[in-house]
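Got your viewer open? Load the model below, keep the selection tool handy, and we'll take it one stop at a time.

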Amino acid sequence: MRIAIAALVVATLAGSAAAAPIAIGDKLAPFTLKDAAGKDLNLASLAGKKAVVLAFIATQCPVSNAYNERMAAFAKEYEAKGVAFVGINANKQESSAEIVEHAKTHGFSFPILKDDGNKKADDLGAQVTPETYVFDASWTLRYHGRIDDDKSGKAIASQDLRNAVDALLAGKDVPVKEAKAFGCTIKRVGQ
Amino acid sequence: MIALLLVTALAGEVDAASLRQRIESHRGQPVVLTFWATWCAPCIKEFPDLMALATRRRDVAFVSVSIDDKEDARALDRFVAQRKPPFPVYRKADGRDDEFIDAVDPTWSGVVPATIVYGADGKRTALLQGEHTPAQIEKALREQGQ
């Protein structure tokens, strides 16, 4: 089993190309980022949770915004089941103040971390918003991809994020481990 | 001089298989395939640049696919009618987005805009994910010797 962070260090030391992003079955080394209000959040503090969902989101992306209500509801519902939902904003043009205001407007009860320099987006290989990563209690990646298969929310046929977390909570194998979706690009530094 | 065909209406819908056939129909010349949506601000921003590039690079076939949902189809029709691009614009047919993305290119994350460059032999030579300038697209064309 590879460890994405270790691979990144090796690649950096070797001066070679960027490390391969995290893959299903890889372990994540819990990291610390500041939330949009400027307060440190160490993911290690979430120890004891049955699962952790990291969701790359945006304030200006129409696709991410189409999921605001669903993300807010999911976070609340699954918090009660011992699952942590953490948003990450890696867009260089979206300020912390904008993120705080956006979260307030849309009733987000979950923390939103600001990934300045998109380092965590790079480590995780996140490309679009919204894009989610589901880790089990040992920080092993068990699901990566879309929230569901219908941006409009009117005809959802596949609740991929919910199915993945439900499977983890039930001690079962995650049925669909990766599912792509169309989304907005993460605006990285240097772009 | 060959007249440049300006498009004022959608060319139709495509799934991954029919899109591949359309790419194949240009065998013998390089193809620049772009994916975009009317809700995507960077896509709208780069659209005039693509139109200008397509007008200038008549040796290259440009094909454009909107991934707009059915509910955004009217906005798409209006956009194409107003802009009159010098290349065909298709709408992705309804169906599973993940399967479409993987069938087009397994290394594509699903981000839009996205641009794929094919050589004259029909082989994919570059995938540009996110917003790219005409200079970057031309660089991709040059790197395959076009």
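The stops below go from the whole of one chain to its sheet, then to the other chain and a few odd spots.

**Before you click**

This is a predicted model, so to speak of local features pLDDT has to be at least 70, side-chain atom pairs count only at pLDDT 80 or more, and totals for chains, interfaces and linings use all residues. Residues are numbered from 1 along each chain as its sequence is written, while chains are lettered from A and ligands numbered from 1 in the order in which they are written.

**Stop 1: all of chain A**

Select chain A and color by pLDDT, the predictor's confidence in each residue, from 0 to 100. The average is 91, and 90% of the residues score at least 70. Now pick residues 1-17 of chain A: there pLDDT stays under 50. Where pLDDT is low, the predicted coordinates should not be read in detail.

Switch to cartoon view and you have six helices and ten strands in chain A. (Helices are DSSP runs of H or I with at least four residues, strands are runs of E with at least two, and both are numbered from the N terminus.) The radius of gyration of chain A, taken over C-alpha atoms, is 16 Å, close to the 16 Å that the globule rule gives for 191 residues, so chain A is as compact as a globular protein of that length. That rule is 2.2 Å times the number of residues to the power 0.38.

**Stop 2: the sheet in chain A**

Select strands 5, 4, 3, 7, 8 and 9 of chain A, and you get an open sheet of six strands in the order 5-4-3-7-8-9, with mixed pairing. (Two strands pair if DSSP finds at least two bridges between them.) At the edges are strand 5 (112-114) and strand 9 (178-179) of chain A, each pairing on one side only.

Zoom in on strand 3 (residues 51-56) and strand 4 (residues 83-89) of chain A, which pair in the parallel sense over six bridges. Leu54(A) stands opposite Val86(A) there.

Next, show helix 3 (residues 68-79) of chain A, which packs on the sheet and touches strand 3 and strand 4 of chain A. Its direction makes about 150° with that of strand 4 of chain A. (Axes are lines fitted to C-alpha atoms, for helices over the stretch in contact, with angles from 0 to 180 degrees between N-to-C directions.) Then add helix 6 (residues 160-169) of chain A, whose direction makes about 5° with that of strand 7 of chain A.

**Stop 3: where the chains meet**

Which residues touch? Here 18 residues of chain B are in contact with 14 residues of chain A, contact being C-beta atoms, placed from the backbone, that lie within 7 Å. Helix 4 of chain B gives the largest share of chain B's side, four residues. Strand 10 (residues 183-185) of chain A pairs with strand 5 of chain B in the parallel sense over two bridges, and Cys184(A) stands opposite Val112(B).

**Stop 4: odd backbone spots**

Stay at Val112(B): its peptide bond to Pro113(B) is cis, with omega near 0°. In chain A, another cis peptide bond joins Thr129(A) and Pro130(A), with omega about -5°.

Finish at Trp139(A), in the loop between strand 7 and strand 8 of chain A. Its phi is near 65°, a positive value in a residue other than glycine.

Note on methods:
Contact = placed C-beta atoms within 7 Å.
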